[in-house]
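Visitor: I am new to this structure and would like a close look at a single part of it. Please pick one helix, and then show me what lies around it.

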Amino acid sequence: MDTREMKLLDMHCDTLIECWRHDDRTMRHGPGHLSLDLMLQNHGMAQFFAIYLSRIEMQTMEPYEIFQKVYDNYRMEMSRNTDVIRSAFSAEDIEKNASEGFLSAFLTIEDGVFIGDHMERLREVYDKGVRLITLIWGFPNTVGYPCSDDPEENARGLTEFGMQVIEEMNRIGLIIDVSHMSEGGFYDVAKYSKKPFMATHSCAKALCGHKRNLTDDQLRVIGETGSVVGVNFESSFLKDGSSYATIEQIMRHLDYMVNKAGIDHVGFGSDFDGIDSAGELKDYSGYSRVLAEMEKKYTDDEIDKLTHLNVLATMRSIIG
């Protein structure tokens, strides 16, 4: 691959749990929205691969056990694809891998439920290569509360233990992800974190009223704190009542979020393999159409910021 074409750094997908669940699915290829083959063919540079701690599996397994099972499968998949992808633990790793023609896998966990009251698990997963934790999913945990359409619930902030988690993540060098978090929790992270943070897969609430989306003020805070937000490709986050994502909807949110957070604080977090349908994009190959649309209104330097440089800059300010 021409390394000059390696542009896209996507901040969130749920591909790993799908690979673990299904025998016909691998990181390299198979049904689904994202694969290494698709990344190679469509300007891929790096992917944040989330280990999603699903409530389906939690019916029979403990959260930390789910993490370990999916993690072991991830390690096996990575060992099978050393010809095209390497692990990355920092922005420097991603840039080095790209310069040598390799994709990068950046490992994350979706849902801090695995922490429980075991603070030491932050160091344990860090030592296994995890560098980002999405603190909340759809249910409360020991760290805090999920976003809600109920204003009173949505105002709930971090727990006392959650504030200690923020401090420890800052100390270790784990990136804090506030996607799925209550508005009160978001502002607590912004207040108590000594480092920037990420909203890896969220959209603009002013354009679509879904509870998972961010208000104009939250987008402003992301810009002011040197943080970054990734545009999500889920149709219900893009347009009220929509069940089919379009390039136009994605661009509308991208443009709006750039206006509110700033050109240096927006990227992409597709949520591929975690959304029911990629709509008009179909799968990761749709990124090529997004890039083509971006070229109509953004300069080359601005496109580089939005596709990867903004995320890399935020990573450097957190991990070093």
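Guide: Two residues are in contact, or touch, when they have heavy atoms within 4.5 Å of each other. Leucine 135 serves as an example of how that term is used. Setting aside residues up to four places away in sequence, Leu135 touches Asp111, Gly112, Asn141, Val143, Val165, Ile166, Met169, Ile176, Asp177, Met181 and Val189. The model is a predicted one.

The part chosen here is helix α11, which runs over residues 247-261. Helix α11 has 15 residues, and the span from its first C-alpha to its last is 21 Å, close to the 21 Å expected at 1.5 Å a residue. Just after α11 comes glycine 262, with a positive phi of about 110°.

Next, the buried side of the matter. In α11, the buried residues are Ile247, Gln249, Ile250, Met251, His253, Leu254, Tyr256, Met257, Val258 and Ala261. They pack against the helices α9 (216-224), α10 (235-238), α12 (287-294) and α13 (300-319), and against the strands β8 (228-231) and β9 (266-268).

The helix also belongs to a wider picture. The largest nonpolar core has 108 residues, and those that touch the most other members are Leu135, Leu254, Phe272, Met294 and Met315. To this core α11 gives the most, with eight residues. Leu254 appears again here, since it is among the buried residues of α11. Leu135, the example used at the start, is another of the residues that touch the most other members.

Some of the elements packed against α11 can be followed a little further. Helix α13 holds threonine 314. Threonine 314 counts as buried because its relative accessibility is 2%, and the cut-off for buried is under 20%. Apart from neighbours within four places in sequence, threonine 314 is in contact with Pro196, Phe197, Met198, Gly226, Ser227 and Val228.

Between β9 and α12 there is a loop, and aspartate 273 lies in it. Lysine 282 lies in the loop between β9 and α12 as well. Aspartate 273 has a phi near 70°, a positive value in a residue other than glycine. For lysine 282 phi is near 75°, again positive in a residue other than glycine. As for accessibility, aspartate 273 is buried, with a relative accessible area of 12%, whereas lysine 282, at 62%, counts as exposed.

There is also empty space to account for. The structure holds one cavity of 30 Å³ or more. The largest cavity has a volume of about 90 Å³. It is lined by 15 residues, and the closest to its centre are Met181, Lys211, Asn213, Leu214 and Gln218. By class, its lining has four nonpolar, seven polar and four charged residues. Met181 is also one of the residues that Leu135 touches.

A last stop is arginine 123, in helix α5 (residues 120-127). Arginine 123 is partly exposed, with a relative accessible area of 33%. Not counting residues up to four places away in sequence, arginine 123 touches Arg171 and Ile172. Its C-alpha atom and that of aspartate 240 are separated by 40 Å, and the two residues are 117 residues apart along the chain.

Methods
Residues are numbered from 1 along each chain as its sequence is written. This is a predicted model: local features need pLDDT of at least 70, side-chain atom pairs count only at pLDDT 80 or more; totals for chains, interfaces and linings use all residues. Side-chain values use heavy atoms; hydrogens and water are left out. Helices (H or I, at least four residues) and strands (E, at least two) are DSSP runs, numbered from the N terminus. The expected span of a helix is 1.5 Å times one less than its number of residues. Buried means under 20% relative accessible area, exposed over 50%, partly exposed in between (1.4 Å probe, protein chains only). On a 1 Å grid over the protein atoms alone, a cavity is a set of points where a 1.4 Å probe fits but cannot get out, and a pocket is an open set with protein on both sides within 12 Å along at least five of seven lines; lining residues have an atom within 4 Å of a point. Grid points are joined across faces, edges and corners, and a volume is the space filled by probe spheres set on the points. Ala, Val, Leu, Ile, Met, Phe, Trp, Tyr, Cys and Pro count as nonpolar, Asp, Glu, Lys and Arg as charged, and the others, Gly among them, as polar. A nonpolar core is a set of buried Ala, Val, Leu, Ile, Met, Phe, Trp, Tyr and Cys residues joined through side-chain atoms within 4.5 Å.
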